[in-house]
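Biologist: I've got a model open and I'd like to know what stands behind the words people use for it. Can you take me through them?

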Amino acid sequence: MKRYTSSLPLHPYILLFIAILSVSVSSIMIKSSDTPTAVAGMYRLYLSAIIMLPFVPWKTLRSSKLDSKDWRNVILAGLLLGLYFLFWMESLVYTSVASSMVILALQPVFVMIGSYYMFRERASMLTVLCLVAALFGSIIIAWGDIGVSREALIGDGLSLIGTILVSAYMLVGQKVSQKINANLYSVVVFFIGGSVLLVYSLLNNFSLTNYNASDWTYFLLLAIIPTIFGQYVFNLLLKSIGATTVSVGIIGEPVLAIMLAYLFLGETISAFQFVGGLITLLGMLIYFWLQTLKYSAAQYTSHGSVQ
């Protein structure tokens, strides 16, 4: 699959860092609120879709090469996103930010396997070693949370299911990213994902309107920061750097989330988390250094061919 061809406002890895920092805030915000997670996720996605509507180039629909199979993939992506939010946000009710986020760091493993079977993408041995190092750091971070309680195990299980779902979401998104505008794709999948959470909320008789001003502010901030500046940017990057690289970047989310949890929730940082965080960041830095070299080479080749 040809990449590095889309025009982006900033270098893709700068955008990826912004997105990772943005989604890292979500776990802190969710932990700080008592509203049902499904309702928060529903408004998070619906409000994001509404905010982005004016920026959708609807005229591109006429010239798009999407067939019925592609539209089924877009709908599937929306369903996967909604289910991911449902399981992952609910996991934070039962387990710590650190434990849930570290399990989410397994995402690149699932995406790398899926990319091999779906797109025949092969990773070099050095790339795999960088990924293993980053994951090893994540395991060290989570070590203190292993087997803490039955509730923590339930939360970890929900987080694992969410990780599998978001990995599938990334792969499906990459599959259609070459054929659909990222703004249009995001609005559609956000709306479908929000509808999944709406159905779940109605089935569980959650109130949809009985919330105070601070809760509505919370819903709006969830839409703007971790969804538009996070999930939307991930969708934007699928076309240029692919699902595997995006998901590797997400390994850094636990490190940032732990730091934010320390600053805003008073959660302590253990020696395991500190050492594991350093190892994770080192593995990621080497991985992205290698990917930057590939990106620069691809850009040079592209410019050379134009000349």
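Modeller: Let's start with Leu10, which touches Leu15 and Ile18 once residues up to four places away in sequence are set aside. Keep in mind that this is a predicted model.

Biologist: What makes those two count as touching Leu10?

Modeller: The cut-off is heavy atoms within 4.5 Å. Leu15 and Ile18 are in contact with Leu10 by that rule. Leu10 itself sits in the segment before α1 (12-31).

Biologist: Why is Leu10 called partly exposed?

Modeller: Its relative accessible area is 40%. Buried means under 20% and exposed means over 50%, so Leu10, at 40%, is partly exposed.

Biologist: And why does Asn205 count as exposed?

Modeller: Use those cut-offs again: Asn205 has 70% relative accessibility, and exposed means over 50%, so Asn205 is exposed. You'll find Asn205 in the loop between α9 (182-203) and α10.

Biologist: What makes the phi of Asn205 worth a remark?

Modeller: Its phi is near 60°, a positive value in a residue other than glycine. Most residues other than glycine have a negative phi.

Biologist: Ser207 is found in the loop between α9 and α10 as well. Why is Ser207 called partly exposed?

Modeller: Ser207 comes out at 30% relative accessibility, which lies between the 20% and 50% cut-offs, so it is partly exposed. Its C-alpha atom is 8.8 Å from that of Pro36, although the two are 171 residues apart along the chain.

Biologist: Which other pairs show that kind of thing?

Modeller: Asp67 and Lys179 are 112 residues apart in sequence, but 9.6 Å apart in space, C-alpha to C-alpha. Phe272 and Gly137 are 135 residues apart along the chain, with 8.9 Å between their C-alpha atoms.

Biologist: Where do Asp67 and Phe272 sit, and why is each called partly exposed?

Modeller: Asp67 is in the loop between α3 (60-63) and α4 (68-94), while Phe272 belongs to helix α12 (residues 271-306). Asp67 has 37% relative accessibility and Phe272 has 43%. Both values fall between 20% and 50%, so both residues are partly exposed.

Biologist: How do you know what share of contacts links distant parts of the sequence?

Modeller: Take the contacts with a separation of 6 or more: residues 24 or more positions apart account for 91% of them.

Biologist: How many helices and strands does the chain have?

Modeller: There are 12 helices and 0 strands.

Biologist: What makes a residue part of the largest nonpolar core?

Modeller: It has to be one of the listed nonpolar types, be buried, and be joined to other members through side-chain atoms within 4.5 Å. This core has 74 residues, and Leu16, Phe234 and Val246 touch the most other members. Helix α10 (residues 213-249) supplies the largest share, 13 residues.

Biologist: Which residues does Phe234 contact?

Modeller: Leaving aside neighbours within four places in sequence, Phe234 is in contact with Leu16, Ala19, Ile20, Val23, Met170, Val246 and Ile250. In soluble globular proteins, nonpolar side chains tend to be buried together. In this chain, buried residues make up 52% of the 307 residues.

Biologist: What makes a space in here a cavity, and how many are there?

Modeller: A 1.4 Å probe has to fit but be unable to get out. The search finds 1 cavity of 30 Å³ or more, and the largest cavity holds about 60 Å³ of space. Elements giving two or more residues to its lining are α8 (150-176) and α10.

Biologist: Which residues line the largest cavity, and how do they divide by type?

Modeller: Among them are Val23, Met170, Phe234, Gln231 and Glu253. The lining has 7 nonpolar, 2 polar and 1 charged residue. Glu counts as charged, so Glu253 is the charged one in that lining.

Conventions. Residues are numbered from 1 along each chain as its sequence is written. This is a predicted model: local features need pLDDT of at least 70, side-chain atom pairs count only at pLDDT 80 or more; totals for chains, interfaces and linings use all residues. Side-chain values use heavy atoms; hydrogens and water are left out. Buried means under 20% relative accessible area, exposed over 50%, partly exposed in between (1.4 Å probe, protein chains only). Helices (H or I, at least four residues) and strands (E, at least two) are DSSP runs, numbered from the N terminus. On a 1 Å grid over the protein atoms alone, a cavity is a set of points where a 1.4 Å probe fits but cannot get out, and a pocket is an open set with protein on both sides within 12 Å along at least five of seven lines; lining residues have an atom within 4 Å of a point. Grid points are joined across faces, edges and corners, and a volume is the space filled by probe spheres set on the points.
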